[in-house]
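Please open the model in your viewer and keep the sequence panel beside it, since each stop on this tour asks you to select something and then look at what is there.

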Amino acid sequence: MAPKVLRFPSEEATAIALANYIADLSAKSIAAHGSFSVVLSGGTLFDTTRKLLEPPYIKSIDWSKWLIFFLDERVVPLDHPDSNYKLAYDGFLSKVPIPKSNIYPIKENLSPEEAAEEYEQRLKQLVANNTLKTSPTTGFAKFDLMLVGMGPDGHVASLFCWHFQRFEKQKWVTFITDSPKPPPPRITFTFPLINSASEIALVVVGEEKADAVKVALGEHASYGYPLPVQKVSPEGNLTWFLDNGATSRL
Ligand SMILES: O=C1O[C@H](COP(=O)(O)O)[C@@H](O)[C@H](O)[C@H]1O
């Protein structure tokens, strides 16, 4: 399905539209199958989801039905300043009544390889016990929503331009030990898992990301070697949320 590209005149307008979109999807998913599985990126994403912490959303969303997963994670203790879990917890999860048992951080004290394998096995168990849906097309877990951020270099999750992991076809979760953006050890969802999602929101704000947005969405988007972000192509819907900074070179 062709992506929907939503351009907003400010970061504030982007944040408001994103909150509406997430609240609407939450209500629809819970009505359809009793839960809302959400995959979070790290980085600046939580600034743009901040409106969910305000009325009307904070009261109207059925947070008890949310299931939280991590698109990528830095292999550091969960209370380390570089941890995406800590970022999510401090900026978002600690402020909403999502049951702790519905939040799925990585396991601590494992190597990157072990942490990736353990997370993949946990996802497979959640599919086996019907906590998560499966894509009938790919056989991978099918999340209701992935909130995907993008770095200024066009990376998504921890899938970077010059890493072979971006071509992974079998694994659900993989690892790297040499991330160009610190810290080096990370685990990450692979593209087949990412692209099995029902909905993906690509949330990109700020002028420092405008060049990558231009490569991904500009008139020469089909030329050459694609950026990781250009491999985001879900079997469900893809919606770009872009502010005026991110679209300033389009
Ligand atoms: O390292 C990471 O970077 C990307 C982009 O982060 P941002 O700070 O530029 O928004 C993020 O989506 C990913 O989860 C994170 O681990």
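The tour goes from the whole chain to the strands at its two ends, then to a loop, and finishes at the ligand.

**The whole chain.** Begin with everything selected, and bear in mind throughout that this is a predicted model. Coloured by secondary structure, the chain shows seven helices and 11 strands. Its radius of gyration is 17 Å, close to the 18 Å that the globule rule gives for 250 residues, so the chain is as compact as a globular protein of that length. Taken along the principal axes, the box filled by the C-alpha atoms is roughly 45 × 40 × 40 Å. Buried residues account for 43% of the 250 residues, and of the contacts between residues at least 6 apart in sequence, 76% join residues at least 24 apart.

**The annotated domain.** Next select residues 10-240, where UniProt, in an unreviewed entry, places the feature "domain: Glucosamine/galactosamine-6-phosphate isomerase". This span is 29% helix and 17% strand, and its end C-alpha atoms lie 14 Å apart.

**Strands β1, β11 and β10.** Now select residues 4-7, which form strand β1, together with residues 237-242, which form strand β11; the two run parallel and are joined by four bridges. Within this pairing, Lys4 has Thr239 of β11 as its bridge partner. Add residues 199-204, strand β10, and you will find that β10 also pairs with β11 in the parallel sense, here over six bridges. To locate this second pairing, select Glu199, which stands opposite Asn237 in β11.

**The loop before β11.** Move next to Gly218, found in the loop that lies between α7 (210-217) and β11. Is Gly218 buried or exposed? Gly218 counts as exposed because it has 12 C-beta neighbours inside 10 Å, and 12 or fewer is the cut-off for that class. While Gly218 is selected, add Arg249 as well: the two residues are 31 apart along the chain, and their C-alpha atoms are separated by 8.7 Å.

**Around the ligand.** Finally, select the ligand and show the residues around it. Which residues are the closest to the ligand? Of the 13 residues that surround the ligand, the closest are Ser41, Gly42, Gly43, Thr44 and Gly149. Colouring this shell by residue class divides it into three nonpolar, eight polar and two charged residues.

Notes:
Residues are numbered from 1 along each chain as its sequence is written. This is a predicted model: local features need pLDDT of at least 70, side-chain atom pairs count only at pLDDT 80 or more; totals for chains, interfaces and linings use all residues. A residue is near a molecule or strand if its C-beta atom, placed from the backbone, lies within 6 Å of it. Ala, Val, Leu, Ile, Met, Phe, Trp, Tyr, Cys and Pro count as nonpolar, Asp, Glu, Lys and Arg as charged, and the others, Gly among them, as polar. UniProt positions are given in the numbering used here, feature names are shortened, and annotations may be inferred rather than shown by experiment. The radius of gyration is taken over C-alpha atoms; the globule rule is 2.2 Å times the number of residues to the power 0.38. A residue is buried if 20 or more other C-beta atoms lie within 10 Å of its own, exposed if 12 or fewer, and partly exposed in between; C-beta atoms are placed from the backbone. Two residues are in contact if their C-beta atoms, placed from the backbone, lie within 7 Å. Two strands pair if DSSP finds at least two bridges between them.
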